[in-house]
Amino acid sequence: APGQVPALLALDAVDGLTQANLARMTSVEQPTMAVTLRRMERDGLIRRAADHDDARRTRLHLTDTGRDLIAPMKDARTVVDTRALRGIPASDLAALSAAISRIVDNLAE
């Protein structure tokens, strides 16, 4: 599901995140992340494990099934990005990126 992509990619980058850290890293609200993670666990994409240092915390890990989705997702993203950005000069893309970053910063305040 599209809502699972940010969580999968974040867990691929940093294994063993907590739900709170994952929600923060992906800019997803905690209740939405909780629902997403329940679905991902049900579908065998992630597993939960107690934190070794603090048993009250749960760490999230990709399963082999979840990890197998990473390369195809990245490939699909590359195809879409290439198509979407075709013919746009690098200077325009840099300006767009800067503008979007500014918008995100403004909304985060």
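A crossing of two helices is termed right-handed if the near helix is turned clockwise from the far one by less than a right angle, and left-handed if the turn is anticlockwise. In the predicted model, this description applies to two helix pairs, taken in turn below.

The first pair consists of helix α1, residues 5-13, and helix α2, residues 19-26; their axes come within 10 Å and cross at roughly 110°. Because angles of 65 to 115 degrees count as roughly perpendicular, α1 is roughly perpendicular to α2. The crossing of these two helices is right-handed. On the α1 side the contact involves Pro6, Ala7, Ala10 and Leu11, which meet Leu22, Met25 and Thr26 of α2. Sorted by class, the residues joining α1 to α2 comprise 6 nonpolar and 1 polar, with no charged residues.

The second pair is formed by α2 and helix α3, which spans residues 30-42; here too the axes come within 10 Å, with a crossing angle of roughly 110°. The two helices are therefore roughly perpendicular to each other, and α2 passes α3 in a right-handed crossing. From α2, the residues in contact are Gln19, Ala20, Leu22, Ala23 and Thr26, while α3 contributes Gln30, Met33, Ala34 and Leu37. By class, this contact has 6 nonpolar and 3 polar residues, and charged residues are absent.

Within α2, Leu22 and Thr26 appear in the contact with α1 and also in the contact with α3.

How values were computed
Residues numbered from 1 in each chain as written. Predicted model: local features only at pLDDT ≥ 70, side-chain atom pairs only at ≥ 80, totals over all residues. Heavy atoms only, no water. Axes fitted to C-alpha atoms, helices over the stretch in contact; angles between N-to-C directions. Helix = DSSP H or I, 4+ residues; strand = E, 2+ residues; numbered from the N terminus. Parallel < 35°, antiparallel > 145°, perpendicular 65-115°, else oblique. Contact = heavy atoms within 4.5 Å. Nonpolar A, V, L, I, M, F, W, Y, C, P; charged D, E, K, R; others polar.
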